[in-house]
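Q: Could you take a close look at a single part of this model, the open sheet and what packs on it? Please keep to that part and go through it with care.

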There are 2 protein chains.
Amino acid sequence: MRVFAPATASNLGPGFDVLGLALERPGDLVEAEVGDRPGVEIVEVTGAASLTTNPRENVVGIAAAAALERLPGPARGVRLWLHKQMPLGSGLGSSAASSVGGAVAVNALFGGALTSDDLVACALRGEAAASGTAHADNVAPSVLGGIVLIRASDPLDLIRLPVPAALRVVLVHPHAQVLTAAARRLVAEHRFTIGQAVANLGNVAALVVALHRGDLALLGRSIQDALVEPVRAPLVPAFAEVKRAALDAGALGCSISGSGPSVLAFTGSDAGADAVADAMQAAFTAAGLESDRYVGPVNTSGAGEVSGRPSPTDRLRALDRALESNQPTSGTDEVRADIERGRDSG
Amino acid sequence: MRVFAPATASNLGPGFDVLGLALERPGDLVEAEVGDRPGVEIVEVTGAASLTTNPRENVVGIAAAAALERLPGPARGVRLWLHKQMPLGSGLGSSAASSVGGAVAVNALFGGALTSDDLVACALRGEAAASGTAHADNVAPSVLGGIVLIRASDPLDLIRLPVPAALRVVLVHPHAQVLTAAARRLVAEHRFTIGQAVANLGNVAALVVALHRGDLALLGRSIQDALVEPVRAPLVPAFAEVKRAALDAGALGCSISGSGPSVLAFTGSDAGADAVADAMQAAFTAAGLESDRYVGPVNTSGAGEVSGRPSPTDRLRALDRALESNQPTSGTDEVRADIERGRDSG
């Protein structure tokens, strides 16, 4: 059984810690099967050499354990494979996607009794371990899909906002890393004037109006952050140039995605999104940085089971079982070749 | 010609400086007639002994002069009568209502060429003179009616929000005064944590959702202010007790109106509003303070010309003209008796 948990962009300009959205791609894949012993085993992590398979130290294991605890019935066990398909510390909600994948996979494997609020709560255990604080602005949109408002964290109060059909998201990720915990500490230690707060209050309220009305011009005017962007911009290489390039190329608005270094922009068409992404990547290149781009609509379905052609891992396991039971097999070489080329892209 | 400019409640919990709403009553009345000389003359101010008739020092004159300047065509003159019908320094937007009345009266008198944005800009000149800063959270709803979001002040970007039909406003004004300029200074000098800002960002965004959905329960949960209420609550006598009383009596939410000392609460019915107002007034009484109450729906029409039975002032002027021209008259005694009892309530 395989689960896809989408990458996310949080803050969206004025909405620090309260707004986030899900992307169509990238996203992490989590494969899960019922384990023999109670608890979580992480069989393998691909796509991120630095991550441990210790289930108490990897967010996928922490969130999966939280989901096992919350499920009704007897103690159960789960074996997990985590396929990281996005960079760590990128501002794409990498730790949130892995956490959500772990919680959603366990829930899907054992009957789906958990609500989306439960899944967010379980994934937040992973997120807290990764960044030091349990903020839901990546986790909630990865679970629910769409654009999500976190009205309050304790108790959790999540609101899905309307997504204008024409809205397109551009995310450009430069090959640099920002440590979320350090970026959050910088903001936590800062003190703000009432004028900074008022600017963001007006813009976050207007952004919500824009989403309800489908008013992309208003949405663009509202993508302004007087609170956190000034504090964090120095952590994002070439941010001013990339933002300028995005706006000059016709972006509705542009800001840092999460704690960066990825930069988020909005447009109202696919062609516009490509032009903006080109301009942003060119600005990173001019600053000596390679980058990746993700362009598309908001993902409105959120994390969930994916079907289709079995992954190489699934096929390899089926093969192993067949070999163990001495059944005739075929395609062994093809599958092994797939594995060596790297795990498939889902 | 007479104009009614409604009182307003600003902030509405989480929306410091960005949200305001208009009340059905009270409101200031401004009477206007074409003057012989260019510029503004304030003939009389009733209802507030402390206010000057110097047009350069009274907000009604400052806003009227701004409107005269902005009107196309030759220099014109206006004579104004200001009938204050609400207490000063009350948190009801008293200076805003007088400013709006001055601007709207001049515009109505000379053909109505000014837009609502123009009128807000003119009234802001008065507001700036009264409080030291030109914030539009009282002026804008007094001009436009309804619940208004001020996305940004420079340039001004106003958005009218939907008003749920069942929404009722309770405003209780204790007989005490808070100086707006002093209350604003207290907030201006304060420095805020990111946590305080995030709490208000989540709530102001959720309040906007609640207005769009007509979700009064969500509206109630969103009327929370972690930024300004803690700083200003000590300026409002018995605020904690009055808020407690409002919530215990079933208010959806409760916070300080503007810079106080009036306290604002919301309910979803007329009966509920009366019960909440009773409880709030009882709490002020227990603290040794008399109070006034204003209960009703949001005023969705805003400032404008009022017709109906001429006011005593109108009738007195008609009488004077008739006497000057030696025409037969009647009712002189009745009108003079009205005048002695005080200007009518509009």
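A: The account below follows the sheet from its strand order to the helix beside it. This is a predicted model, in which local features need pLDDT of at least 70 and side-chain atom pairs count only at pLDDT 80 or more, while totals for chains, interfaces and linings use all residues. Residues are numbered from 1 along each chain as its sequence is written, and chains are lettered from A and ligands numbered from 1 in the order in which they are written.

In chain B, four strands make up an open sheet whose order is β8-β9-β7-β10, with antiparallel pairing; strands here are DSSP runs of E with at least two residues, helices are runs of H or I with at least four, and both are numbered from the N terminus, and two strands pair if DSSP finds at least two bridges between them. The edges are held by β8 (253–256) and β10 (291–296) of chain B, each of which pairs on one side only. From one strand to the next the twist averages 15°, with axes taken as lines fitted to C-alpha atoms, for helices over the stretch in contact, and angles running from 0 to 180 degrees between N-to-C directions.

Within this sheet, β7 (residues 168–174) and β9 (residues 263–267) of chain B are joined in the antiparallel sense over five bridges, and Val169(B) has Phe266(B) of β9(B) as its bridge partner. Helix α10 (residues 270–286) of chain B packs on the sheet, where it touches β7, β9 and β10 of chain B, a contact meaning that the C-beta atoms of two residues, placed from the backbone, lie within 7 Å. The direction of α10(B) makes about 15° with that of β7(B).
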